[in-house]
Structures are given as structure tokens and as C-alpha cells.
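This report walks through the sheets, a helix crossing and the nonpolar cores of one protein chain. The sequence and model come first.

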Amino acid sequence: MSSTAAPPISAAAGGPSLPQERRLVTEVPGPRSRALFERKSAAVAAGVGVAVPIAVVAAGGGVVVDADGNSFVDLGSGIAVTSVGNAHPGVVAAVTEQVAAFTHTCFTIAAYDGYVDVAEALNRLTPGDHEKRTALFNSGAEAVENAVKIARKHTGRQAIVVFDHAYHGRTNLTMALTAKNQPYKNGFGPFAPEVYRVPMSYPYRDGLSGPEAAKRAISQIEKQVGAENTAAVLVEPIQGEGGFVVPAPGFLAALSEWTTANDVVFIADEVQTGFARTGAMFASEHEGIVPDVVTTAKGMAGGLPLSAVTGRAEIMDTAHVGGLGGTYGGNPVACAAALAAIDAFEHDGLVERAEEIGTILLGTLRAAQTSDPRIGDVRGRGAMIAIELVDPETGDPDPGLTGRVVRYAYEHGVIALTAGTYGNVLRFLPPLAIDDALLRDGLAVVLDGLAAA
């Protein structure tokens, strides 16, 4: 890591051409970054927080470069969005070509190939070989909200079952679906009705097997909601913001079986877990389940806003003509980006790369756990791994320690993210384009921060 001052890099010099190295040439945040945040405080609503106080001018591969010339190891991927790598050349080329052709018509006004191409790709890639349909939207929250609309229309029922520690978005309905109060829900109610929460399988904290945890959840649904009133069970195959909670084997399968037996729609929220992130194209595949409906976003379009609801044709086609859509949903530029990103996922070995990244992450973090009792749990799949930090005496969550580690990390050139209902989880979501040396360097800094804290 260099400490020699350097001029800020041009924003046009992003993508994979950037040197894949951690490099600090100023303190963090540097003077140019501080200047941006002074402007932010005067121009941007206070409720819009920023986790890492830097002004980004370029990014590519596994690095993010700020206006002061500092190069950071990216262990967050913009929350699992830039999985193919920031400014991926295929995405850049596809977007450039589409922008030159046309930027918008609104698909519900005048249709175009890109929307249909993306729908066909998702129908092919999502779990199951049944006939499917897809509708495109803008964000993960919008996809989840529309999946709920579709499930209610299909079943004629109203109740939606969600889980402890769940995160599904920031709209009014998806705030109701989300479990965590602060910062997502506090003071923003009242929330949408007919949402019911049941316990999640959380092996580190509940000690239950998958079938045992499923039996507990199903019993609560049947007693407190009633299968005959339930439109959908909505679950993340691996919880994201909730702390990368991986349910015990058999939990999801038992839920899926129950929904099938009771004509309830099983919705898998794969917004964070989808598109090679977990070492499978979709995390549902690890448990061998075939959801009725899958919601996707984040990594799908290489950094452009796009989301989707994909599901069984007989469910998706329940909505009346005009009942689904939106001004920007399936924007042609975002669709072009998605098609290029999907091509990379399928043909650049990124599923296998996620597994390789997971091997490095799990091996390094589990080795650290053996000598540091503050690492209560190491969990996850593929390039979606987390550690849960706790008080070694009591096992209670330690969010203060987590915050200190994250601060140390960015001050030393690494972007790391927190998660968890208790704010005590460090999550690792590196771009699948990151190289081994850079990944190991970033991990070493995080572990140095844990030692220093």
C-alpha cells in the first residue's frame, strides 16, 4: 500500500483497467471527499445516510477509487449489485449501444425486444422447468410488492407470512414485511395490514434442525393466521440485511411442501442472493426447492436499476391487463445491461468463481474464529459470507465492536458492510471479478481491525 500523494483519477478511467490494489494517499476521508460531504449536508435530505465517507470517481474489478486518489478494496459490491464487476466491459458496451438507439418509451406504451429478452432469460434461469412468466420493475422492493399483489390476486386471500430478521424493502408495504425497526421503519407507520411474522430458522441462536424450525413456524401460521387465509409465504433463502442467516437444512423444503399442500404461493426473495452470488445461480437451488414466484434485482443488471417477478404462468397471468407495470419498469437501457450481465454470469464462470471466493472467505474467517471468541459464528454460501460478533462472555450481540471494525477497515482502504437485526454482523459481498490477492488483502485489513478493536 502506497502512502505517496497522487492526483485524483479521472472518472473515465474506471472499469477493469484500474490497478487492482489497495492504495491510500491521504487520510480517509480525504479533503475532496470531505468537501463533497459538506455539500451533501446542505443539499441532500438528512435521512439519506452514507456508510463510507468517500467521494467515488471510478470503480472496477475489486476496487473503488475516491476523488483523493485512494483505492479501496470493495467487499460490498454496492450491496451485491456489481457482482460482475463495476463498469464491466460487456455491460458498458451494451448500455452505450442502447443509449445511442433510444433511452425510453415505457414498455406499456410501446414495446421493445430488450424487455422480452430479459423475461425469456429469467424464465429459463430461475428454478423449475414449468411454464413461467416475468414482469419487470425498478427495485427489489417494487418486485416484492408486486409479487404480493400477484399472490393475493391469484389466491383471493390477503394474509402474507414473513419471518423474523427479514428485510424486503423501504416502501410502505415492504416496510411492513421487513422485521428491523431502526433505521427502516421507525416513525414511518402506520404500515400495510395483513402481514404476519413467524420465527426464522437461525441455527446459531435457536439450535433447531430445519424440520423442527419449520414445524414451529407452520404451527404459528396455522394457529394465528390460518392456511385458508394465507396468500403467500415470503422468505429469503439466505437472509440479507437480517445477518446472512442461512436456515438449517430442510427448513425451506418443509415450508415449500406446506405451501403446496395448502395452495399458498411460495415466494422466494432472491434480490440479494440471486445471480451466482451464493455459488448457484439462485440460492433456492442449494435446498432443491422450486418457488412458485421468485423476485430478483441487485446483481441482475450490473449496476443499473432493474428488478423482476418471475413465476408460474398460471399465477403470474392472474393479474388483469394493466394491473402490472410502471413508467420505468424494464427500461431499455437497464434491460441491455441485464442481458450483458446475464451473459457474463452464464459464460464467464462466475458461479464457480463465487464458490472459490467462498472457500477463501470461509477458510480465513473460520481460522480467525478459532483464536477469537468474539467471532460467534461464521456462515453463508459462496461470495455471501458473514461473521457474527458477540461478547465472548455472554454471547450477546456486540454492535459497537462491529462498528469499530468497519471504521478501521475504511480508514485503512477497505469497504466492508454491517448487517443483522442487532447490528453485529460483518457481511462480505465482494464482486465476483475480484482477484484472490486483493480479496486476501482486504480480509487481512478487516481482521487487523478486529484485533485492534
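Buried here means under 20% relative accessible area. By that cut-off strand E12 is mostly covered, because six of its six residues are buried. The model is a predicted one.

**Strand E12 and its partners**

Both faces of E12 are covered. Met384, Ala386 and Glu388 are buried on one side. Ile385, Ile387 and Leu389 are buried on the other. Strand E11 (residues 375–381) is also largely enclosed by the rest of the structure, because six of its seven residues are buried.

E11 and E12 (residues 384–389) run antiparallel and are joined by six bridges. Ile375 has Leu389 of E12 as its bridge partner. Arg381 stands opposite Met384 of E12. The hairpin of E11 and E12 has two residues between the strands, and Gly382 takes a positive phi near 55° there.

E12 also pairs with strand E15 (residues 425–428), in the antiparallel sense and over four bridges. Ala386 of E12 has Arg427 of E15 as its bridge partner.

The strand pairs described in this report are set out below.

| Strand pair | Sense | Bridges | Opposed residues |
|---|---|---|---|
| E11 and E12 | antiparallel | six bridges | Ile375 and Leu389 |
| E12 and E15 | antiparallel | four bridges | Ala386 and Arg427 |
| E5 and E6 | parallel | four bridges | Val162 and Arg197 |
| E3 and E13 | parallel | two bridges | Asp74 and Ile415 |

Strands of a sheet pair through backbone hydrogen bonds, in either a parallel or an antiparallel sense.

**The seven-stranded sheet**

One open sheet has seven strands, in the order E4-E10-E9-E8-E7-E5-E6, with mixed pairing. Strand E4 (132–137) and strand E6 (195–198) are its edge strands, and each pairs on one side only. On average, neighbouring strands are turned by 20° against each other, direction ignored.

At the E6 end, strand E5 (residues 159–163) runs parallel to E6, with four bridges between them. Val162 stands opposite Arg197 in E6. Helix H8 lies across E5, E6 and strand E7 (230–235). H8 runs at about 150° to E6.

**The H8 and H9 crossing**

H8 (residues 210–224) also meets helix H9 (residues 251–261): their axes come within 7 Å and cross at roughly 35°. The crossing is right-handed. From H8, the contact takes in Gly210, Ala213, Ala214, Ile218, Ile221 and Glu222. From H9 come Phe251, Ala254, Leu255 and Trp258. By class, eight of these residues are nonpolar, one is polar and one is charged.

**The four-stranded sheet**

A further open sheet has four strands, in the order E1-E2-E3-E13, with mixed pairing. What stands at its edges, and why is one side of each left without a neighbour? Strand E1 (56–60) and strand E13 (414–415) are there, and each has a single partner strand, so one side of each lacks a neighbour in the sheet. Strand E3 (residues 71–74) runs parallel to E13, joined by two bridges. Asp74 has Ile415 of E13 as its bridge partner.

**The nonpolar cores**

The largest nonpolar core has 107 residues. Leu306, Phe345, Phe428 and Val446 touch the most other members. Helix H11 (residues 332–347) gives the most to this core, with 11 residues. A second, separate core holds 22 residues, including Met200, Val235, Phe266 and Ala268.

Which residues does Val446 touch, not counting those up to four places away in sequence? They are Leu75, Val405, Ala409, Val414, Ala416, Leu426 and Phe428.

Ala409 belongs to helix H13 (residues 399–411). Is Ala409 buried or exposed? Ala409 counts as buried, because its relative accessibility is 0%. Beyond four places in sequence, Ala409 touches Val414, Ala416, Val445 and Val446. Ala409 and Val52 are 357 residues apart in sequence, but 9.9 Å apart in space, C-alpha to C-alpha.

Key
Residues numbered from 1 in each chain as written. Predicted model: local features only at pLDDT ≥ 70, side-chain atom pairs only at ≥ 80, totals over all residues. Heavy atoms only, no water. Core = buried A, V, L, I, M, F, W, Y, C linked by side-chain atoms within 4.5 Å. Buried < 20%, exposed > 50% of the residue type's maximum accessible area, 1.4 Å probe, protein only. Contact = heavy atoms within 4.5 Å. Pairing = 2+ DSSP bridges. Axes fitted to C-alpha atoms, helices over the stretch in contact; angles between N-to-C directions. Left-handed = near helix turned anticlockwise from the far one by under 90°. Nonpolar A, V, L, I, M, F, W, Y, C, P; charged D, E, K, R; others polar.
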